[in-house]
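Trainee: Before I use this structure, I should like to examine it with you in some detail. May we proceed by question and answer?

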Amino acid sequence: MGPKRSRIGRGERTAAWTVLALLVAAAVWIGLAQSRLSPAVAVALAPPRPVGTVAGAAGGRVLATAGYLGDLPGAVPATPVASYDPDTLSDRIDGKAELYLAAGFKEMSTRAYRLAGGARVDAWIYAQTSPSGAFAVLSGQRRAGARPSPLSPDAYATENAVYFTKGNLYVELVADRDDAATGQGLAALGAALAAALPGDGPAVAGHPGPVDEKTLFPKDGLDLQSIRLAASDAMGLAGFSNVYTAEYALPQGAATAFLARRATPAEAARDAKTFAGFIAQNGYVPETAPGLPDGATLLVADGSYEIVWAKGTLVAGVHDAVSREAALALATRLAASLPDFKDVK
């Protein structure tokens, strides 16, 4: 027979398990204590929150536009701020994101407010890379029946909304109703927000800044509300970007003028030639006519008339005029508004 084994009693086994449990608990406590910072250390290591910003942003970041959607006079925040960058914009405005992206989109923040009368107003602030980009998205989706608004030179309003730009920012304020009290609240809210937003810096003496192409369109017959900026593929020509258009009602008939600034005169001349070639590919035939601006090309097809030329760093022209007389009259006026215009950079 082999040696007799001693048996561990129940009491000894219980004591062993108790000691083991205490050791495990002690190890866990020590680990937690080592990983926990004191409140003073935590405060010291935490970066300060940007002044005037609101929590909630794309990718966990706080975007600058969120800071403009804090407390506003006459309105109470109804939702947190939601912010979007170029990678996430389509999550919020799928189907329209390309318009903003083509115009140099940087970021957007949105928040809902309640006016004193109970109306909900959704505020949207888009930051583009330039003031022209902000104007492109405003003018590219101008609502039917809109009327001018005093919030900015290009601002407009509908029955339940106001739209305006300031510097490189494009703003929409859209209410859920269109009664008179809501309209007054919208106007006040828009004025308060416009006053709070940063704008263009003051001009430096001797350096007035770039010329605004919108101011170069002749005034007679111009529909001011029709001025638009196509950020890309203007008039159907792929790559024909940053083109301003303006509609005219002339005694000779309707026509549209267009202007596009380029970096150099050579680039402007190239784009004018490309546009003429594109029009010719669509069935238009070049014709001559007295009174054309220097270097201009007239193209005609089935009661539609196109004229294009380059002047310095500008591409200029007339689009879809209903008569030869209207096309020539508008081209003459447009050329006269650019008498010594060589560079608008």
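Mentor: The exchange below concerns a predicted model.

Trainee: What is the mean pLDDT of the protein chain, and which residues stay under 50?

Mentor: Where pLDDT is low, the predicted coordinates should not be read in detail. Such stretches include residues 202-208, with pLDDT below 50 and one contact in the model beyond near neighbours in sequence. Residues 1-8 also stay under 50, with two contacts beyond four places in sequence. For the protein chain, 77% of residues reach 70 or more, and the mean pLDDT is 84.

Trainee: How many helices and strands does the protein chain have?

Mentor: Of its 345 residues, 40% count as buried. Among contacts between residues at least 6 apart in sequence, 57% join residues at least 24 apart. The secondary structure comes to eight helices and 15 strands.

Trainee: Where does the largest nonpolar core lie with respect to domain 1 and domain 2?

Mentor: This core has 50 residues, and Tyr126, Phe217 and Ile307 have the most contacts inside it. Helix α8 (residues 324-336) supplies its largest share, six residues. Because domain 1 (64-196) and domain 2 (213-337) both contribute residues, the core lies between them.

Trainee: Which residue of a second, separate core can be named alongside Val81, Ala123 and Val162?

Mentor: That second core is separate from the largest one and has 25 residues. Among them, besides the three you list, is Ala175.

Trainee: Leaving aside neighbours within four places in sequence, which residues are in contact with Phe217?

Mentor: Phe217 is one of the residues with the most contacts inside the largest core. Its contacts include Leu222, Ile227, Tyr244, Thr245, Ala246 and Tyr248. The list is completed by Ala257, Phe258, Leu259 and Leu334.

Trainee: How is the aromatic pair of Phe240 and Phe258 classed, and are its members buried or exposed?

Mentor: The centres are 6.4 Å apart and the planes make an angle of 85°, which is over 60, so the pair is edge-to-face. Phe240 lies in the loop between β9 (228-230) and β10 (243-250) and Phe258 in strand β11 (residues 253-261), so the pair ties together parts 18 residues apart in sequence. The relative accessibility is 2% for Phe240 and 0% for Phe258. With buried meaning under 20%, both residues of this edge-to-face pair are therefore buried.

Trainee: Which residue lies over the face of Phe135?

Mentor: A search of the whole structure finds nine aromatic pairs, and Tyr100, Phe105, Tyr126 and Tyr170 form one aromatic cluster. At Phe135, the partner is 4.4 Å from the ring centre, and that residue is Lys214.

Technical notes:
Residues are numbered from 1 along each chain as its sequence is written. This is a predicted model: local features need pLDDT of at least 70, side-chain atom pairs count only at pLDDT 80 or more; totals for chains, interfaces and linings use all residues. Side-chain values use heavy atoms; hydrogens and water are left out. A nonpolar core is a set of buried Ala, Val, Leu, Ile, Met, Phe, Trp, Tyr and Cys residues joined through side-chain atoms within 4.5 Å. Buried means under 20% relative accessible area, exposed over 50%, partly exposed in between (1.4 Å probe, protein chains only). Helices (H or I, at least four residues) and strands (E, at least two) are DSSP runs, numbered from the N terminus. Domain bounds come from an automatic or database domain assignment. Contact means heavy atoms within 4.5 Å. Rings of Phe, Tyr and Trp (its six-membered ring) pair if their centres lie within 6.5 Å; planes under 30 degrees apart count as stacked, over 60 as edge-to-face and the rest as tilted. A charge sits over a ring if NZ of Lys or CZ of Arg is within 6 Å of the ring centre and within 35 degrees of the ring normal. pLDDT is the predictor's confidence in each residue, from 0 to 100.
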